[in-house]
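User: Could you take a close look at one residue in this chain for me, and then show me how its surroundings fit into the whole? I work at the bench, so plain language is welcome.

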Amino acid sequence: MASVTYRSASRIFPGTPPVRAVDDLDLDVADGEFLVLVGASGSGKSTALRMLAGLEDVDEGTVEIAGEDVSGVEPAKRDIAMVFQSYALYPHMTVAANMAFSLRLRGGSKDDVRRRVEEAAAMLDLTPYLDRKPRALSGGQRQRVAMGRAIVREPAVFLMDEPLSNLDAKLRVETRANLAALQRRLGTTTLYVTHDQVEAMTMGHRVAVLAEGRLQQCDTPRALYERPANTYVAGFIGSPAMTLLPARAWGSLVPDDRSVPGGTVGLRPEALVPGSGGPDELELVVELVEELGADAYVYGATEVDGEHHRVVTRTDARSTPAVGQRIRVALRSPADVHRFGADGLRVS
């Protein structure tokens, strides 16, 4: 096991102008930590992972494993194992042979290879399938074989690039729970890339949010949800996303801070309650009701100084309004309000 460090690391693709796919990344990953890199397409998360793996150059700064600069080290000598979105299994080999392949290339003894494969198969519930070919497996089983192939190498660091994105929704939920439990059992430092913020929030010890190649915030899932550092993180983390409105939308209850003119307020769905006709309420026209069993999310439209904004509130599914209905919502408490300055950075 080992720590991982990015020190002012950048990957710059040639062009006019050059594209800084990863821009001055500073990030420390503790020994044994499960860190998730999350962001929209093009945010630089996969490029950052590939820089650590040696599949992309580090044009500025360094990447380190266990305190050693590996920026110029060949991928095969970095003591990492990578799991990709595609399973990349050899179709003519059995599950056991696929899992053992890298060990045999490295000249491992027959007994040691068999021991490692059997141990990994037991961890992943693959023992009954060791003699099968990949075509006889489900998608989830194939992904577990890909995981087993990485585990048998006993690397210092696991790198995972959207490994669950090819699975259906139900299997993805089940597999991510199993994967998180497996990482806790092994204690191996893991960097995991996903575009799915729900996946990130449910798996990572910490989550690093990237946008346009730059790190926006790295913290625990709870801290990201409760204290986003800027409007990008506020709008990205959470499902549904935080509602962001001009501060003046809430009148005297949430005054526009004169020190940050043009500021923004952020509100989670649970921060809004049905209005009672008070002065500091918003009127919404219901556009969509998303029923989730006991709860429901109501998506409503409002206008602030002629601009259209969408507001999301959570309500009891037994008393949802109809689409097209006009409703009023109020703040549960001023303490639920997130305030951001004109530059998008958090002020309170």
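Analyst: Happy to. One cut-off helps before we start: a residue is called buried when its relative accessible area is under 20% and exposed when that area is over 50%, with partly exposed in between. Please also keep in mind that this is a predicted model.

Let's settle on Arg-132. Its relative accessibility is 37%, so Arg-132 counts as partly exposed. You will find Arg-132 in the loop that runs between helix H3 (110-123) and helix H4 (139-151). Once its neighbours within four places in sequence are set aside, Arg-132 is in contact with Met-93, Thr-94, Val-95 and Leu-137. For a sense of distance, take Val-207: 75 residues separate Val-207 from Arg-132 in sequence, and their C-alpha atoms are 37 Å apart in space.

His-309 makes a useful companion to look at. This residue sits in strand E16 (residues 307-316). With a relative accessible area of 15%, His-309 falls under the 20% cut-off and is therefore buried. Leaving out residues up to four places away in sequence, the residues that His-309 touches include Leu-244, Leu-245 and Pro-246, along with Gly-300 and Ala-301. Thr-302 and Val-304 are also among the contacts of His-309.

For some strand pairing, turn to the start of the chain. Strand E1 (residues 4-13) pairs with strand E2 (residues 19-29) in the antiparallel sense, over seven bridges, and a hairpin of five residues joins E1 to E2. Within this pair, Val-4 has Val-29 in E2 as its bridge partner. E1 also pairs with strand E4 (residues 60-65), again antiparallel, over five bridges. There, Arg-7 is bridged to Thr-62 in E4.

Now step back to the whole chain. It holds eight helices and 18 strands, and its C-alpha atoms fill a box of roughly 75 × 45 × 35 Å along the principal axes. Of the 348 residues, 49% are buried. Among contacts with a separation of 6 or more, 65% are between residues 24 or more positions apart. The chain exposes about 16,500 Å², and carbon and sulfur atoms supply 49% of that area. As for charge, there are 40 positive and 47 negative side chains, with the centres of the two sets 6 Å apart.

To return to your residue: Arg-132 is a partly exposed loop residue, with Met-93, Thr-94, Val-95 and Leu-137 as its contacts beyond the sequence neighbours within four places.

Technical notes:
Residues numbered from 1 in each chain as written. Predicted model: local features only at pLDDT ≥ 70, side-chain atom pairs only at ≥ 80, totals over all residues. Heavy atoms only, no water. Helix = DSSP H or I, 4+ residues; strand = E, 2+ residues; numbered from the N terminus. Buried < 20%, exposed > 50% of the residue type's maximum accessible area, 1.4 Å probe, protein only. Contact = heavy atoms within 4.5 Å. Pairing = 2+ DSSP bridges. Areas by Shrake-Rupley, 256 points an atom, 1.4 Å probe, with all protein chains shown as cover. Lys, Arg positive; Asp, Glu negative; His and termini not counted. Charge placed at Lys NZ, Arg CZ, Asp CG, Glu CD.
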